[in-house]
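Please work through the following exercises with the sequence and the structure at hand. Each task is followed by a solution in steps.

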Amino acid sequence: MSSPDKNSLEAKIFANAFNLIPELGPISLQKLTNYFESWHSAWIATSGEYIDAGLSAKTISQIIAKKPKINPEQSFAELTRRQIEVLLDTDKDYPQLLKEIHAAPPILYIRGQKSALNKLAIAVVGTRKMSNYGRSAAEEIVLGLVENRVAIVSGLAFGI
């Protein structure tokens, strides 16, 4: 029997569901994907299986407490409605340089051109409470970058 497609719709639905549990960071998510055959099998796993996957008791208790409050399909449908695409670290479009960092996120959210992920890119980071000058400066900097075909990467945080 072949293993499930690591980039299937089902994989993205359940990877996103796990990512909705704030206590699960990149390392814990990577432990899940390394241990389980699929994101779905990780979702339906028992506490004992989470222990075998190498998760801490505190992390497991958070998973057990928060899973019943998450509807994986509904959460994924909301992403689709907002035109946000889920990109897993096994996807061919996942940024190659990002794979090289320690604790690379196994899931990314994309809204825009995936092809920009493996091109020259820059993130603009600023304050949450921007001044008029800060807004003007950020717009000028970003406009210059865009005009020179540099991709702008955003964490979608409030502010600049």
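The exercises below concern a predicted model.

**Exercise 1. Helix packing**

Task: Determine how α1 and α6 are oriented relative to each other, and which residues meet.

Solution:
- Helix α1 covers residues 9–19 and helix α6 residues 72–81; their axes are 9 Å apart, at an angle of about 100 degrees.
- Angles of 65 to 115 degrees count as roughly perpendicular, and α1 and α6 are therefore roughly perpendicular to each other.
- On the α1 side, the contact includes Leu 9, Ile 13 and Phe 14; on the α6 side, Pro 72, Phe 76 and Leu 79 are among the residues met.
- Sorted by class, the residues of this contact are seven nonpolar, two polar and two charged.

**Exercise 2. Burial of α1 and the nonpolar core**

Task: Establish how many residues of α1 are buried, and which element gives the most to the largest nonpolar core.

Solution:
- A residue is buried when its relative accessible area is under 20%.
- In α1, the residues that are buried include Ala 11, Lys 12, Ile 13 and Phe 18.
- Eight of the eleven residues of α1 are buried, so the helix is largely enclosed by the rest of the structure.
- The largest nonpolar core has 27 residues, and Phe 18, Leu 32, Trp 39 and Tyr 50 have the most contacts inside it.
- The element that gives the most to this core is α1, with six residues.
- Beyond its neighbours within four places in sequence, Leu 32 touches Phe 18, Trp 39 and Tyr 50, among others.

**Exercise 3. Salt bridges between parts of the chain**

Task: For the salt bridges of Asp 91 and Glu 23, identify the partner and the parts of the chain that are linked.

Solution:
- Asp 91 pairs with Lys 12, with 3.8 Å between the closest N and O atoms.
- Asp 91 lies in the loop between β1 and α7 and Lys 12 in helix α1, 79 residues apart; Asp 91 and Lys 12 are both buried.
- Glu 23 pairs with Lys 66, the closest N and O atoms being 2.8 Å apart.
- Glu 23 lies in the loop between α1 and α2 and Lys 66 in helix α5, so this pair ties together parts 43 residues apart in sequence.
- Glu 23 is partly exposed at 34%, and Lys 66 is partly exposed at 24% relative accessibility.

**Exercise 4. A salt-bridge network**

Task: Is Asp 93 buried or exposed, and which residues share its network?

Solution:
- Asp 93 is in the loop between β1 (85–88) and α7 (96–99).
- Its relative accessibility is 17%, so Asp 93 counts as buried.
- Asp 93 forms a salt bridge with Lys 92, the closest N and O atoms being 3.5 Å apart; Lys 92 is exposed, at 69%.
- Through shared partners, salt bridges join Glu 85, Lys 92, Asp 93 and Lys 114 into one network.

Conventions. Residues are numbered from 1 along each chain as its sequence is written. This is a predicted model: local features need pLDDT of at least 70, side-chain atom pairs count only at pLDDT 80 or more; totals for chains, interfaces and linings use all residues. Side-chain values use heavy atoms; hydrogens and water are left out. Axes are lines fitted to C-alpha atoms, for helices over the stretch in contact, and angles run from 0 to 180 degrees between N-to-C directions. Helices (H or I, at least four residues) and strands (E, at least two) are DSSP runs, numbered from the N terminus. Angles under 35 degrees count as roughly parallel, over 145 as roughly antiparallel, 65 to 115 as roughly perpendicular and the rest as oblique. Contact means heavy atoms within 4.5 Å. Ala, Val, Leu, Ile, Met, Phe, Trp, Tyr, Cys and Pro count as nonpolar, Asp, Glu, Lys and Arg as charged, and the others, Gly among them, as polar. Buried means under 20% relative accessible area, exposed over 50%, partly exposed in between (1.4 Å probe, protein chains only). A nonpolar core is a set of buried Ala, Val, Leu, Ile, Met, Phe, Trp, Tyr and Cys residues joined through side-chain atoms within 4.5 Å. A salt bridge is a side-chain nitrogen of Lys or Arg within 4 Å of a carboxyl oxygen of Asp or Glu.
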